[in-house]
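Biologist: I am new to this structure and would like a close look at a single part of it, namely the place where two domains of one chain meet. Could you take me through that contact slowly, and then set it beside a contact made by two chains?

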Amino acid sequence: MDKSYHTIAFYPQKCNGCNDCIEACARINTGEVSPAHSRIAIVKDSEDGSFGLALCRQCGEPRCVMDCPAGALSKNEDTGVIQWEETKCVNCQLCTLACSYAGITYNPVTRKVMKCDMCGGDPACAKVCGRGALEYLTSSDLYDKWGDMEDLFVPGISACLGCNSELLIRHTLRRIGPETVVATPPGCVAGVGSVGVNGFTATKTPVFHPLLTNTASMLAGARRYYNRIGRDITMLAFGGDGGTADVGFQSLSGAAERGEQMIYICIDNEGYMNTGVQRSSTTPYGAWTSTTPVGSVLRGKTQDAKPMPVLMMMHNCAYVATASTAFMEDYYAKLDKAVAAAKHGMAYIHVFSPCPTGWRFPPAMLIEIARKGVETNTVPLWEYINDGNEFHFTHSVDNPLPVQEFLSLIGKYRHLDADQIDHIQKMNKRRIEMLKMFSEQEERRAS
Amino acid sequence: MSHTKYLIVGCSHAGLTAMETIRLQDSEGAITMVTREETLPYSPTILPYFIAGQVPQEQIFLRDQAYFDKLNVTLLKGAAVVGADSAAKTIRLASGDEIHYEKLLLATGAGATVPPFPGIENVRYQVVRDLNDALKLRETMNQAKSAIVIGAGLIAMHSAENLAHAGLKVSMVVRRKVSLFAYFDVAAAGLIEKIFEDNGVHIATGSGVAKISPSDGGRCVVTLESGEDLTGDVLLLAAGVRPRIEYLEGSGIETDAGILVDNSMRTSAADIWAAGDVAQAPQFFEPGKTVNATLPNAVTQGRVAGMDMVSDPAFKPYSGSSGLNTFNFFGHHAFSVGLATIAEPTEDIEVNTTLLPSGLRYQKLVFQKDRLVGVSAINAALDPGIMRELIRRQTDLGAIKEKFVSAPLETGRLLMSKLWR
Amino acid sequence: MSKTIVCDGNEAAAWGVVKARPDMVAVYPITPQSSLAEYISQFVADGLIEADLMDVEGEHSVLSVLQGACLAGARTFTATCGQGLAFMFEPYFRTPPLRLPIVMSLVTRDGISPQCVWGGQQDAMTVREVGWIQMYCETNQEILDTIIMAYKIAEHRDVMLPTNVCHDGNYQSYGVEQVEIPDQGDVDAFLGEKNTNWHVALDPDRPMGVDPLTGGAAASGASLFVRYRKGTCKGMQNALRVIAEVHEEWGRKIGRHYSPLVEEYRLDDADYAIVTIGGMTGAGKDAVDMAREAGEKVGLIKVKTFRPYPLQAMLQAVSKVKAVGIVDRSVSFGWNAGPVYQEVLSTLYHRKERIPAVSFIGGLAGADITEDHFSQIIETTARTLRDEIPEGPIWINE
């Protein structure tokens with residue numbers, strides 16, 4: 001597998017042309033703020049006011065490196081950064097002719113070329129950008145660190161096209177590794193053949209069907225015994241929302257109260273998808289399901305979703321987080337914390353899991369919908385760390401997109417009228433207000 | 001006889017790029033590279049800088065042996081090719097060894113042209129084409145006080161500058177009206193020549209060599225057609241290059257000035273490709289084929305050849321040869337891309353020139369209708385690579401052409417920023 | 001060293017657990033099992049039981065945590081009854097086909113409604129077809145001894161089935177008797193190495209899919225399911241032999257002998273017999289003794305093992321008499337009779353000649369079946385020899 005690298009991403013719509021990045025770049029490299037010394041340039045479109053970026057893209061097959069007659073440019077295999085060695089450079093400037101993005105440019109003051117070196121892994125431009133227009137993306141870890149790890153879930157399972165659960169299982173098991181006992185209660189995850197069908201199994205770790213009702217209890221029993229005999233085996237549950245928030249809630253609540261050591265991941269696709277898209281307690285207000293149908297009298301679900309992750313936080317779990325597959329780096333960071341927390345208590349991760357089949361949207365839209373869920377504050381991303389009583393958002397909840405940008409992508413919301421949309425928008429706001437009480441408390445305490 | 005899947009003859013930019021391109025797709029197939037050089041690969045482009053002492057010898061090499069070992073590539077040094085048999089799929093080395101190949105890339109580069117100047121056989125002269133030439137020149141230079149450089153291209157200009165930096169009094173012989181005619185128009189070339197003159201390099205333009213004769217102390221005298229006599233301790237010929245194709249006689253591979261290739265860098269013989277200074281390839285702006293002995297072109301062709309040899313699904317044919325280069329001299333910088341030497345507008349050609357001699361700054365944009373076709377610049381704040389890309393993509397500037405003319409740097413960057421994902 | 005104490009049945013059961021050395025005990029209180037849960041908890045607190053004590057949030061989880069632990073390799077124990085068993089039913093049902101050798105006391109209790117917290121065997125009898133081994137005890141000593149033996153039976157490689165050791169709520173759970181607690185070394189030697197998950201495990205050292213989806217339209221799927229079912233039935237049948245062997249070994253090594261499946265009491269020269277199960281047997285035996293003194297040729301058949309059903313042992317016993325009166329402490333609503341009665345009737349089919357059989361239902365909701373009741377039962381049964389056969393079941397304590 002090819003190595004992937006960190007990168008500096010540019011979101012033009014967030015840029016206001018303040019030039020802070022340019023000054024920061026010049027300063028960190030020369031101590032002066034003259035834009036002549038900046039390796040990053042922001043250009044403004046005088047017509048539509050939009051902004052463009054000129055910055056080294058640290059290309060995979062860098063033409064500047066190939067065109068250098070002096071061997072002064074090379075791509076660092078570990079960091080992916082294209083390095084310029086001043087002592088080797090003969091100043092022929094062929095590199096400036098090689099780059100299509102003005103990523104390496106001639107500095108008329110120093111009379112040498114210059115290019116971005118990513119500040120050794122802590123780029124000043126991204127750090128100084130207060131608007132998030134420049135972002136240092138470290139998601140390459142997903143490919144480099146976890147991509148090399150064994151996929152403990154076999155190919156050829158029978159998940160629906162574009163299944164988010166499959167994505168989650170593969171990533172999660174990669175991270176958590178083979179010293180794990182996996183529980184997949186009845187539902188989609190078990191339904192795709194994770195435990196096995198007629199003699200064949202899909203998972204390379206120990207895996208079992210608990211009952212829909214007793215996932216947390218069975219894992220608790222196994223973990224207790226492994227503790228007794230001194231083996232550190234991770235207990236991992238992939239529960240659906242029904243087995244977590246509905247009929248399995250008692251056993252989960254009991255296990256959480258007792259501080260049983262496990263990672264419980266709720267893959268919340270907001271209903272009983274495996275049995276044909278019926279309502280669960282996490283089905284959101286207004287959503288169509290086969291038991292909250294849309295007709296001349298009924299217009300989808302009439303109650304709001306059970307705030308499951310908050311309930312788990314109130315259970316005093318060692319670690320509680322929400323996650324989305326559109327933000328995998330965030331998810332991996334949370335998995336790391338969950339693994340650590342599960343050594344001494346329960347780690348609960350509630351993953352927002354759009355379902356192409358049950359929600360009625362094309363499979364290719366999966367990640368986009370997962371992203372819009374977060375960006376509209378429908379699914380705020382946060383984490384709670386019991387040790388220290390920390391609560392914080394892991395993705396900004398300020399300036400959310402209107403909820404319609406999320407709802408309009410999904411078939412199960414197609415029937416919503418203005419009042420229903422208004423209700424959802426208000427609920428999103430209320431949810432954020434409530435969560436902010438936790439985060440503000442945290443901020444007060446920290447200050 | 002040894003056997004290899006890929007055989008690459010020549011180990012400079014075209015050969016190296018082809019090899020690296022092949023390895024991206026085929027991590028295991030045997031690759032053998034042969035070079036007539038006794039050393040690790042280097043770029044001829046580095047030699048003027050080496051002569052000037054700007055780069056120590058141990059630093060001129062493009063890749064080290066460990067690099068070839070890591071990529072599992074066999075590098076045969078000191079192995080000049082003396083014959084090729086396209087039917088038997090073999091090449092013959094000077095040592096008599098033969099190598100059987102499945103796919104062959106010829107990237108043997110170009111050697112210096114030695115024009116038949118009257119009396120040339122009676123004097124000691126230098127060329128700068130390989131490391132041995134450069135080492136010899138350095139040795140000669142050390143005892144010299146003056147030099148004559150014959151030629152008007154970038155190698156001639158680079159060499160003249162570096163000889164001047166080394167403290168020699170340098171005279172240049174340029175047969176045409178101006179130097180660098182391949183890249184710059186008269187006005188721009190005049191500006192460059194002025195800078196050379198200001199730095200003590202005498203440039204004699206518009207007059208060819210009448211004869212060359214030896215003088216005392218190993219010196220030589222170059223008599224120009226104008227009657228002017230130039231005397232120097234060192235005589236450097238930089239009058240152009242000629243593809244190295246002698247070894248192909250009788251091979252059945254079609255040649256003209258260089259090895260004739262199509263847009264995939266394929267020669268007339270099956271499973272044989274050619275790239276770089278040795279290849280005579282289709283042109284970008286007009287029909288016909290040309291030898292384009294520049295570094296960027298060698299890399300482009302090496303990449304096209306490598307992708308075709310390995311059947312890379314991302315293969316895109318060679319878009320055609322056009323002029324492009326950068327030129328850094330006496331602290332000034334210049335570049336030229338595409339049809340930059342057109343001086344006069346025509347029906348569909350528009351030329352936009354900005355000349356500020358006081359600031360030693362020059363900028364010229366050439367458009368064909370709404371498309372950029374050429375740019376040349378001296379000391380101008382432009383991104384050569386962006387200009388090159390806009391020309392190569394034949395980007396329709398349409399509505400933004402005026403904006404581009406008034407602010408080519410910003411507009412070019414904006415365009416490429418938007419094109420980038 | 002063994003030692004003798006005086007204790008109730010729940011404490012006797014707890015002492016059996018002490019000696020069996022489980023790795024995990026899980027408890028949730030329910031009358032009349034609660035004091036057993038308390039004894040277990042206290043014994044763990046005192047270090048007498050070196051097990052993890054999981055005091056979970058309900059019986060459903062009680063059995064679930066034990067399943068998890070057992071799959072990881074633990075020897076486990078719990079106890080429940082009545083509504084607790086009903087709530088536990090979901091994991092209870094899957095324990096036998098998973099072949100998990102979990103041992104559980106059922107301190108039998110009658111079912112609701114109407115509301116009732118007292119003894120009766122309705123709970124145990126209702127789950128008799130689920131695949132758990134069921135053994136019913138007569139004395140507190142037998143409770144203690146049977147709990148230990150239950151591990152050896154359940155964990156036998158030919159069996160691998162969960163086992164209920166049943167004793168009656170109220171009369172046995174709270175009734176005090178003298179009990180001898182066997183020496184730990186003797187019990188250890190008797191039980192040997194535990195054997196809980198050689199066949200199915202949740203262990204990264206030998207990863208497997210536990211309880212995969214089976215069956216469906218594919219013929220291979222259905223046949224795999226049939227294999228599981230037949231396997232459980234075979235384990236049950238093997239258990240008849242193993243239960244007998246284990247009881248024999250217990251008697252040989254510990255010195256207390258019990259009939260493993262069916263006990264025949266004064267049966268050899270009997271004309272007729274009564275059939276009892278559980279704690280009522282003592283009163284039944286006293287009544288038989290009294291009738292014998294009065295010249296009645298009556299005997300008693302005690303059901304120790306009800307699941308697997310000891311067909312041959314029961315057939316051998318009932319073949320010795322000409323009439324039987326069967327006393328149930330629970331109801332089969334569909335048959336208008338007791339469950340044990342039905343099974344004895346089924347057994348009688350294997351005899352050539354037909355004999356009369358009477359269903360008695362008594363001791364419901366914590367009521368006592370006294371010696372007087374048994375005397376009437378004996379008398380009623382005796383009358384059937386004279387063709388006085390009553391209609392329907394005879395309800396005692398009515």
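Modeller: A salt bridge here is a side-chain nitrogen of Lys or Arg within 4 Å of a carboxyl oxygen of Asp or Glu. By that rule, in this predicted model, 7 salt bridges are counted between domain 1 of chain C and domain 2 of chain C. One pairing to look for is that of C:Glu129 with C:Arg307, a salt bridge whose closest N and O atoms are 3.0 Å apart. Polar contacts can be counted across the same boundary as well, and there are 20 residue pairs of this kind between domain 1 of chain C and domain 2 of chain C, with both residues at pLDDT 80 or more.

If you turn to the side of domain 1 of chain C that touches domain 2 of chain C, the elements that each supply at least two residues to it are α6 (122-126), β6 (133-136), α7 (140-154) and α9 (219-254) of chain C. The largest share of that side, 4 residues, is given by β6(C), and by class the side is made up of 12 nonpolar, 8 polar and 6 charged residues.

To place this contact within the chain, note that domain 1 of chain C covers 3-199 + 240-253, while domain 2 of chain C covers 262-395. Their C-alpha centres lie 27 Å apart, and the contact draws on 26 residues from domain 1 of chain C and 31 residues from domain 2 of chain C. Between them the two domains of chain C bury about 2200 Å², with carbon and sulfur atoms giving 50% of this area. Of the area that domain 1 of chain C buries against domain 2 of chain C, 28% is supplied by C:Arg128, C:Glu138 and C:Tyr171, which is more than any other three residues supply.

As for the contact made by two chains, 40 residues of chain A are in contact with 40 residues of chain B, and these chains bury about 3500 Å² between them, 55% of it on carbon and sulfur atoms. The count of salt bridges between chain A and chain B is 5, and among them is the one in which the side chains of B:Lys70 and A:Glu77 meet, at 2.3 Å from N to O. Chain A and chain B also have 16 residue pairs in polar contact, both residues being at pLDDT 80 or more. On the side of chain A that touches chain B, the classes are 19 nonpolar, 10 polar and 11 charged residues.

How values were computed. Residues numbered from 1 in each chain as written. Chains lettered and ligands numbered in written order. Predicted model: local features only at pLDDT ≥ 70, side-chain atom pairs only at ≥ 80, totals over all residues. Heavy atoms only, no water. Domains from an automatic or database assignment. Contact = heavy atoms within 4.5 Å. Buried area = accessible area lost by both parts, 1.4 Å probe. Polar contact = N/O pair within 3.5 Å; in protein donor to acceptor, adjacent residues only side chain to side chain. Nonpolar A, V, L, I, M, F, W, Y, C, P; charged D, E, K, R; others polar.
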